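Biologist: Hi! Could you walk me through this model when you have a moment?
Modeller: Happy to, let's put it on screen.

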Amino acid sequence: MRNTITTILTAAVFLLVAQGRGLASPFDYFAGSWECTTDAGSKTFLLYHPVLNNAWLVLENTWVNPPAQAVGEFIEYYRYDQVNGKWWATSMGSSGLLEVTSSPDWKNDQLVFEGSANFPGGSFGTRERYTRWKDGVTLERQHEQLTGFGWTKTSHSLCHRAKQLGHASP
């Protein structure tokens, strides 16, 4: 009887470990390169890649704003807290931006990050919405700023996957 219980418990542990290995990383949807176009016509190139043993997701974001062909860069770090089902993000921009936000887990295929942004000369509330499309290759991003009139859209872009990294399928 004792051997039977030990065998059952051992089998259960191996089953749980095997199932855990099959789970997709929360970063798998993002991992890879994306090409985006904003409503204003700017082009954005995103490269998401997991680092530090998949504990963090790094976003390297470069944008080109026609007609002056101005170029800007952002680097963002994302962390996912599986225990609490919460995302954390820190963004830094070539403009001097420092943004710290958090989001509950995916709901209706959206992550909604809210927090604060600081520029040289000011700070404001910020919100960024990520919407993943069911096709697995389209990502919608919308930035909003908290003003005296409530949340105001400051940018919107539609992104298409250029290349996927990792082991999840699109």
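Biologist: Let me start with a single residue: where is the place of Gln110?
Modeller: Gln110 sits in strand β7, residues 110-119. Helices (H or I, at least four residues) and strands (E, at least two) are DSSP runs, numbered from the N terminus. Before we go on, this is a predicted model, where local features need pLDDT of at least 70, side-chain atom pairs count only at pLDDT 80 or more, and totals for chains, interfaces and linings use all residues. Residues are numbered from 1 along each chain as its sequence is written, and side-chain values use heavy atoms, with hydrogens and water left out.

Biologist: Thanks. What does Gln110 touch?
Modeller: Leaving aside residues up to four places away in sequence, Gln110 touches Asp105, Arg129, Tyr130 and Thr131. A contact means heavy atoms within 4.5 Å. Gln110 and Arg132 are also 6.5 Å apart, C-alpha to C-alpha, with their positions 22 residues apart in sequence.

Biologist: And why does Gln110 count as partly exposed?
Modeller: Because its relative accessibility is 25%. Buried means under 20% relative accessible area, exposed over 50%, and partly exposed in between (1.4 Å probe, protein chains only).

Biologist: Let's zoom out. How many helices and strands are there in the protein chain?
Modeller: The protein chain has 1 helix and 10 strands. Along the sequence the pattern reads α-β-β-β-β-β-β-β-β-β-β.

Biologist: What share of the residues is buried?
Modeller: Of the 170 residues in the protein chain, 32% are buried. The accessible surface is about 10200 Å², and 59% of that belongs to carbon and sulfur atoms. Those areas come from the Shrake-Rupley method with a 1.4 Å probe, and for residues only the protein chains shown count as cover.

Biologist: What about contacts across the sequence: what percentage join residues at least 24 apart?
Modeller: It's 31%, taken among contacts between residues at least 6 apart in sequence.

Biologist: New topic. How many disulfides does a search of the whole structure find?
Modeller: The search finds 1 disulfide, meaning a pair of cysteine sulfur atoms within 2.5 Å. Cys36 and Cys159 form it, with their sulfur atoms 2.1 Å apart. The pair links distant parts of the chain, since Cys36 is in strand β1 (residues 32-38) and Cys159 is in strand β10 (residues 150-164), 123 residues apart.

Biologist: Which hand does the link of Cys36 and Cys159 have?
Modeller: Right-handed, with 105° about the S-S bond.

Biologist: Are those two cysteines buried or exposed?
Modeller: Cys36 is buried, at 3% relative accessible area, and Cys159 is buried too, at 0%.

Biologist: Which residues does Thr44 touch?
Modeller: Beyond residues up to four places away in sequence, Thr44 touches Trp34, Glu35, Cys36, Thr38, Asn61, Thr62 and Trp63. Thr44 is in strand β2 and counts as buried, at 9% relative accessibility.

Biologist: Leu47 caught my eye as well. Where does Leu47 lie?
Modeller: Leu47 lies in strand β2, residues 43-51. Leu47 is partly exposed, with a relative accessible area of 33%. Its contacts, not counting residues up to four places away in sequence, are Gly32, Ser33, Val58, Leu59 and Glu60.

Biologist: Now the pocket. How much space lies in the largest pocket?
Modeller: About 670 Å³. On a 1 Å grid over the protein atoms alone, a pocket is an open set of points where a 1.4 Å probe fits, with protein on both sides within 12 Å along at least five of seven lines, and lining residues have an atom within 4 Å of a point. Grid points are joined across faces, edges and corners, and the volume is the space filled by probe spheres set on the points.

Biologist: Which of the lining residues are closest to its centre?
Modeller: Of the 25 lining residues, those are Trp63, Phe74, His143, Thr154 and Ser155. The largest share of the lining, 5 residues, comes from β10.

Biologist: Last one: which non-glycine residues have a positive phi?
Modeller: Asn54 is one of them, at about 65°, and Asn108 has a positive phi of about 55°. Asn54 is in the loop between β2 and β3, while Asn108 is in the loop between β6 (98-104) and β7. Asn54 is partly exposed at 41% relative accessible area, whereas Asn108 is exposed at 69%.
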